[in-house]
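Me: I would like to go through a model feature by feature and learn how to read each one. Please show it to me first.

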Amino acid sequence: MTDIPDRPAIRTLIDVDPAKAQQVAVLRAQAASDPESFWLDQARRIEWATFPTTASNATFDGDVSIRWFEDGVLNASVSCLDRHLSTRGDEAALIWQADDTAVSRTLTFRDLHAEVCRLANALRSLGVKRGDRVAIHLPMVVEGIASMLACARIGAVHVVLFGGFSPEGIAERLIDSGAVTVITCDTSRRGAKRIQHKTSIDAALKQAGTICSVRNIIVVTVTGDTIPMTEGRDHRYDVLVPQQSPACEPEKMRAEDILFLLYTSGSTGKPKAMVHTTGGYMVWAACTTDWALSLKPQDVHWCTADIAWITGHTYVVYGPFATGATTVIYEGMLGWPQPGRWWEIIDRYQVACLYTAPTAIRALIREGDAVPERYSLASLRRLACAGEPISPDAWEWFYNVVGHQRCPVADMWWQTETGGGMLCLIPDAQPMKPGWATTPLPGLNAVLTTEKGETIPDGPAEGALCFTTSWPGQARTIWDDHKRFRETCFTFSPGKYFAGDGARRDENGYYMITGRMDDVINVSGHRIGTAEIEDAVATCHAISEAAAVGINHDLKGQGIVVFVVARSSKTAPSVALLSGIIADRVGRYAAPELIYIVSDIPKTRSGKIVRRVLRKIASGETENLGDLSSLADPAVVPALIKAVTEQNADT
Ligand code: PRX
């Protein structure tokens with residue numbers, strides 16, 4: 001666990017509303033005394049074709065089985081679109097702001113419904129059936145959101161892939177998910193650069209070869225760049241979709257039918273696809289959007305996350321649309337083409353709720369207070385952030401400079417595995433504490449355990465964050481690998497869900513996340529497993545061993561440092577070559593800060609890499625490296641420090 005700096009004490013800042021606090025107390029009491037009726041009440045937040053008669057059927061013991069609202073029948077796209085047609089049909093559902101300030105597009109609920117139905121019919125015309133997987137590899141454009149909802153409409157399972165994945169990373173995920181269709185675009189803009197989408201998909205399919213099941217590719221025109229098209233397999237969105245009917249009967253899905261797969265990184269092995277099912281996920285998205293963001297149908301909401309991450313799924317798409325709010329998406333980059341771009345968007349669209357990540361807040365702080373001060377920001381009512389710990393300083397800046405001390409800040413702790421927020425402030429019902437993720441949301445049972453998995457009694461403590469009971473949004477399994485799901489999440493403390501994070505709890509039951517306890521590195525909110533980096537580097541024949549660790553980074557939260565051992569000092573590969581291999585095999589987002597070529601890596605007698613020592617050396621510490629007695633060869637450490645010092649002097 002990381003060292004914990006002193007944190008400021010609890011501060012009320014914005015007054016707590018006694019009526020709201022009382023409402024939340026009643027909810028919590030109901031959840032504790034009668035969880036079944038509590039969860040069935042929450043299920044009413046979304047539309048069902050058949051309302052479920054039972055809530056939870058979940059056990060974390062034995063083989064682990066998680067099922068919610070089992071006899072309910074629904075379609076997620078109906079909760080997001082159809083249910084709003086009579087009340088908000090002509091109101092804005094989605095506002096797309098292009099990279100170019102002068103270009104934007106607003107779709108009403110009726111427009112978006114029609115677009116989703118046309119695309120759903122187009123997918124059906126290509127033979128996509130209920131249960132088939134459809135990969136989506138798009139930037140932040142209307143078609144990305146329409147694609148997710150169109151899959152939901154016909155019961156296909158969407159698998160959104162991050163634009164930054166390398167062709168190899170895409171190929172791995174296309175094979176693993178068994179996707180039959182890909183929805184992508186020509187290219188997309190990233191500031192002055194272009195991201196290659198179609199050619200990356202082509203390269204991925206070539207690498208995947210015959211094991212890949214992709215039969216069709218739908219190509220959206222985003223930039224108009226010329227791209228190769230393969231006759232019979234590739235279809236232009238602009239040609240295929242407009243000719244379809246704007247009506248599409250929603251597929252009736254069972255609550256436990258899969259809504260989507262989403263890849264994330266674990267501490268070992270390849271990226272894993274978390275399985276989220278329809279009923280429970282939708283209920284949890286709706287609950288948490290209400291509790292943590294207090295979103296109302298008339299609100300304009302902007303969550304800056306990419307749809308390729310779970311935050312984009314839950315708080316760009318499913319939560320806000322289930323609420324009937326207006327969602328803003330922005331094609332461009334933070335601070336591009338001018339540093340005040342985000343603030344301009346907030347003023348232009350009168351954004352009420354801004355949800356972003358600490359890494360973005362740190363980048364915005366760097367631009368100076370004068371930038372946001374040039375804008376009104378008077379429309380903002382709520383602020384939220386998630387993805388990594390937010391320092392009290394960054395929290396204060398967000399609260400003071402962006403929120404003008406008027407908007408509660410919800411620091412939401414959660415994971416791809418949890419489907420929606422877990423530890424979070426309920427605005428107006430609780431006092432805020434900068435840097436603390438506050439308390440478990442209603443219905444959740446969080447505990448801290450020792451490193452041996454024993455429960456620590458209530459009260460101030462520090463330990464491993466676990467949950468003793470299930471909640472509707474919980475991932476059901478890892479696609480095609482239930483054993484890995486069980487082993488990673490439920491064996492640390494048998495009978496409990498282990499999140500992989502360490503946390504501290506104070507006397508008020510508030511939690512502060514202290515960081516990952518496993519080998520996952522969080523770079524700008526992107527989860528990267530050390531094994532992914534090490535496996536990539538190991539493909540270089542000149543390397544015999546590699547170890548990646550995370551170090552503190554002012555802007556990114558964490559940065560990656562890699563130690564590599566060359567087979568021979570004469571043929572040691574260059575740092576540039578190794579960086580290139582990581583970019584090719586994992587993606588540019590996993591680029592290390594530093595790569596050190598060393599003669600050996602510290603290991604235990606059983607051959608396990610001792611990362612705590614590497615982390616300290618990578619952070620510039622040469623003394624107080626902790627207990628080295630468990631090392632197979634303690635002499636490795638001084639040699640390592642010497643090599644690192646010499647290489648630092650050279651650069
Ligand atoms: O370590 C925690 C960190 O991000 C991890 C989950 O990442 P991911 O699956 O990509 O989901 C992101 C959803 C926000 C967690 O295990 N993390 C997430 N939120 C916070 C956080 N760490 C501290 N504070 C948070 N609010």
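Reply: This is a predicted model. Start with residues 27-80, whose end C-alpha atoms are 25 Å apart. Helix makes up 39% of that span and strand 19%.

Me: What does the UniProt annotation say about residues 27-80?

Reply: The unreviewed UniProt entry gives that range as "domain: Acetyl-coenzyme A synthetase N-terminal".

Me: How should I read a pair of packed helices, for instance α9 and α10?

Reply: The description of two packed helices consists of the angle between their axes and the distance between the axes. Here α9 (residues 278-293) packs against α10 (residues 310-323) at about 85°, and the axes are 8 Å apart. An angle from 65 to 115 degrees counts as roughly perpendicular, and α9 and α10 are therefore roughly perpendicular to each other.

Me: Which residues of α9 and α10 meet?

Reply: From α9 come Tyr281, Met282, Ala285, Thr288, Thr289 and Leu293. Their partners in α10 are His313, Thr314, Tyr315, Tyr318, Gly319, Pro320, Ala322 and Thr323. By class, the contact of α9 with α10 holds eight nonpolar and six polar residues, with no charged ones.

Me: Next, internal space. How many cavities of 30 Å³ or more are there?

Reply: The count is three. The largest cavity has a volume of about 40 Å³. Its lining is formed by Asn75, Ala76, Ala152, Gly155, Ala156, Met253, Ile258, Leu259 and Thr278. Six of the lining residues of the largest cavity are nonpolar, three are polar and none is charged.

Me: And what is the volume of the second largest pocket?

Reply: The second largest pocket has a volume of about 590 Å³. It is lined by 28 residues, of which Gly443, Leu444, Asn445, Ala446 and Thr469 are the closest to its centre. The elements giving two or more residues to this lining are α1 (18-33), α2 (35-43), β1 (56-59) and β21 (446-449). By class, the lining of the second largest pocket has 15 nonpolar, 10 polar and three charged residues.

Me: Turning to the backbone, is the peptide bond from Trp336 to Pro337 cis or trans?

Reply: The bond from Trp336 to Pro337 is cis, with omega near -5°. Pro337 sits in the loop that connects β17 (326-330) and α11 (341-349).

Me: Is phi of Gln350 positive or negative?

Reply: Phi of Gln350 is positive, near 55°, and this residue is not a glycine. Gln350 is located in the loop between α11 and β18 (353-356).

Terms used
Residues numbered from 1 in each chain as written. Predicted model: local features only at pLDDT ≥ 70, side-chain atom pairs only at ≥ 80, totals over all residues. Heavy atoms only, no water. Axes fitted to C-alpha atoms, helices over the stretch in contact; angles between N-to-C directions. Helix = DSSP H or I, 4+ residues; strand = E, 2+ residues; numbered from the N terminus. Parallel < 35°, antiparallel > 145°, perpendicular 65-115°, else oblique. Contact = heavy atoms within 4.5 Å. Nonpolar A, V, L, I, M, F, W, Y, C, P; charged D, E, K, R; others polar. 1 Å grid on protein atoms, 1.4 Å probe; cavity = no way out; pocket = protein on both sides within 12 Å on 5 of 7 lines; lining within 4 Å. Points joined across faces, edges and corners; volume = space filled by probe spheres on them. UniProt positions renumbered as here; feature names shortened; annotations may be inferred.
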